[in-house]
Amino acid sequence: MSFKERMRHARYTRLLGAMFVLPVIVVLSFLDVVPLSTGATWMLLLAFVVGLIVFFTRFKGTAKEG
């Protein structure tokens, strides 16, 4: 595996992890289970939406090059 492939895979796994964690934090924050301000919660929701856009445009929903 080349350096570029490893870097791409690292970005993919980091983005995929964020796509699972951010919505959970946002929902728990809106339910007042996690003590975050409303502004921080909206920023996390925005980061999740941007992550989805990047995931489907850059990686086309898969981890493979192509």
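Let me begin with a term: a residue is called buried when its relative accessible area is under 20%, and exposed when that value is over 50%, with partly exposed in between. By that cut-off Phe 59, at 2% relative accessibility, counts as buried, and I will come back to Phe 59 after an overview of the fold. Please keep in mind throughout that what you see above is a predicted model.

The protein has two helices and zero strands. Its radius of gyration is 14 Å, well over the 11 Å that the globule rule gives for 66 residues, so the protein is more spread out than a compact globule. The C-alpha trace, taken along its principal axes, spans about 45 × 20 × 15 Å. Of the 66 residues, 18% count as buried, and the protein exposes about 5,000 Å², of which carbon and sulfur atoms supply 73%. If we look at contacts with a separation of 6 or more, 64% of them are accounted for by residues 24 or more positions apart.

Let me turn to helix 1, which covers residues 3-30 and has 28 residues. At 1.5 Å a residue it should span 40 Å, and because its end C-alpha atoms are indeed 40 Å apart, the expected and the computed values agree. Which residues of helix 1 are buried? They are Arg 8, Tyr 12, Leu 15, Met 19, Leu 22, Val 26 and Ser 29, and what these buried residues pack against is helix 2, residues 38-58.

Helix 1 is followed by Asp 32, which is placed in the loop between helix 1 and helix 2. The phi of Asp 32 is near 60°, a positive value in a residue other than glycine. Asp 32 also counts as exposed, its relative accessibility being 67%.

On the far side of that loop, in helix 2, we find Thr 41, which at 1% relative accessibility counts as buried. Once its neighbours within four places in sequence are left aside, Thr 41 is in contact with Val 26, Ser 29, Phe 30 and Leu 36; of these, Val 26 and Ser 29 are also among the buried residues of helix 1. Leu 22, another of the buried residues of helix 1, is in contact with Leu 44, Ala 47 and Phe 48, again leaving aside neighbours within four places in sequence.

This brings me to the interior. In soluble globular proteins, nonpolar side chains tend to be buried together. In this model the largest nonpolar core has seven residues, namely Tyr 12, Leu 15, Met 19, Leu 22, Phe 48, Phe 55 and Phe 59. Helix 1 and helix 2 each supply at least two residues of this core, and the largest share, four residues, comes from helix 1.

Now to the aromatic residues, where, counting ring pairs whose centres lie within 6.5 Å, the total comes to four aromatic pairs. Why is the pair of Tyr 12 and Phe 59 called edge-to-face? The two ring centres are 5.5 Å apart and the planes stand at 75°, and because planes over 60 degrees apart count as edge-to-face, the angle places the pair in that class. Tyr 12 lies in helix 1 and Phe 59 in the segment after helix 2, so this pair ties together parts that are 47 residues apart in sequence. Like Phe 59, which is buried at 2%, Tyr 12 is buried, with a relative accessible area of 12%. Ring pairs further link Tyr 12, Phe 55, Phe 56 and Phe 59 into a cluster. As for the backbone around Tyr 12, its C-alpha atom is separated by 10.0 Å from that of Val 54, a residue 42 places away along the chain.

I will finish with a residue of helix 2 that is not buried, Val 50. Its relative accessible area is 44%, which means that it falls in the partly exposed class. The C-alpha atoms of Val 50 and His 9, which are 41 residues apart along the chain, are separated by 19 Å.

To draw this together, we have a predicted model with two helices and zero strands, in which the buried residues of helix 1 pack against helix 2, and in which the pair of Tyr 12 and Phe 59 joins helix 1 to the segment after helix 2.

Definitions and conventions:
Residues are numbered from 1 along each chain as its sequence is written. This is a predicted model: local features need pLDDT of at least 70, side-chain atom pairs count only at pLDDT 80 or more; totals for chains, interfaces and linings use all residues. Side-chain values use heavy atoms; hydrogens and water are left out. The expected span of a helix is 1.5 Å times one less than its number of residues. Buried means under 20% relative accessible area, exposed over 50%, partly exposed in between (1.4 Å probe, protein chains only). Contact means heavy atoms within 4.5 Å. Rings of Phe, Tyr and Trp (its six-membered ring) pair if their centres lie within 6.5 Å; planes under 30 degrees apart count as stacked, over 60 as edge-to-face and the rest as tilted. A nonpolar core is a set of buried Ala, Val, Leu, Ile, Met, Phe, Trp, Tyr and Cys residues joined through side-chain atoms within 4.5 Å. The radius of gyration is taken over C-alpha atoms; the globule rule is 2.2 Å times the number of residues to the power 0.38. Accessible areas come from the Shrake-Rupley method with a 1.4 Å probe; for residues, only the protein chains shown count as cover.
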